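Visitor: I should like to learn how to read a few features of a protein model. May we take them one at a time?

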Amino acid sequence: MGEQKVAVRLSGVRKSFGAVDAVTGVDLEIHDGEFFSMLGPSGSGKTTVLRMIAGFEQVTEGTIELAGRDVTVLPPFERDVNTVFQDYALFPHMTVQQNVEYGLMVAKVGKKERRERAEKALASVRLEGFGKRRPSELSGGQRQRVALARALVNEPKVLLLDEPLGALDLKLREQMQVELKAIQRRAGITFLFVTHDQEEALTMSDRVAVFNAGRIEQVGAPADVYERPATEFVANFVGTSNRIGDAHVRPEKLHLETDLDVTPRDGDRSVLGTVAEVVYAGAVTRFVVDLEDGARVIAVQQNLQTSSTSVTRLRGAPVRLSWRPDHEFSAS
């Protein structure tokens, strides 16, 4: 395999608002055709980075390249990117077709080509036949897909998405996570996605950059970031992490045993504790366990053959937690 093409490159990018550094020296390469997520809490700098790539914020220091072209000082309309925002920003007085065609009309694309490209874009987001409707006649998920179609119709090299699923309810949000990844595969263009939702980033991304306090803590594939977090912040922000002694163990890697006479498998590590709380969540149950050394940890088990009644009876019960040594990780 040859070297992957770089769609977006940030070199030493810093952004200051007065005396406050919102972004401090970010270096990042995003590959052509990649679904890349910038994940972090509010105020971590991820949205500011997105806005600098789009050209909506000026860089204080450093350079931004798109497909090898330095765009650091170029205005937004001279950058081959489009942005999809959380509020969709659809024109309510226009039909779906007119909304999708709008950018092409501004670019003075002919009427016939505009119509054909808009219909193709709507088909790519599974909204064939919706062209004559107005945004008010659509569901939240449909409006979100119209916004995507409007951005895709201009065939940008990079699509920037700023928390586009944030306004949707949980079930629709989960459906759109799958749909958005499928749209990206069909379109074949680079998606740069900003989110504070860890599960969302892990579900959709080829790679994830975890932001904290204006800098990147770790970049990697979702499994690498989750299974091998590079720092204490990543370990605690991406999922839940238990510190047991000198090691970290994820809650789902802990096996909870109520029969203390049952010995762990050869090679497994184990500790004793008492169940302080039980949280039944349908598919899984979360056990809050106080260990003998005073530490408190969380264990998660699938409810394969249990009910809410049976698991809640374990409050106050002595238990043994065991785990495999290869499921431990350290975080600096």
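Guide: The following turns treat a loop residue, two backbone angles and a sheet. This is a predicted model, in which local features need pLDDT of at least 70 and side-chain atom pairs count only at pLDDT 80 or more, while totals for chains, interfaces and linings use all residues. Residues are numbered from 1 along each chain as its sequence is written, and side-chain values use heavy atoms, with hydrogens and water left out.

Visitor: Is Glu 34 buried or exposed?

Guide: Buried means under 20% relative accessible area, exposed over 50%, and partly exposed in between (1.4 Å probe, protein chains only). Glu 34 is buried, at 6%. Its place is the loop between strand 2 (20-31) and strand 3 (35-39); strands (E, at least two residues) and helices (H or I, at least four) are DSSP runs, numbered from the N terminus.

Visitor: Which residues, not counting those up to four places away in sequence, does Glu 34 touch?

Guide: Contact means heavy atoms within 4.5 Å. Among the residues touched by Glu 34 are Gln 184, Phe 191 and Arg 207.

Visitor: What is the phi of Lys 108?

Guide: Most residues other than glycine have a negative phi. Lys 108, although not a glycine, has a positive phi of about 60 degrees. Lys 108 counts as exposed, at 74% relative accessibility. Ala 213 likewise has a positive phi, of about 50 degrees, and counts as partly exposed at 46%.

Visitor: In what order do the five strands of the open sheet lie?

Guide: Two strands pair if DSSP finds at least two bridges between them. The order is 13-17-14-15-16, with antiparallel pairing. Strand 13 (255-257) and strand 16 (296-302) are the edge strands, each pairing on one side only.
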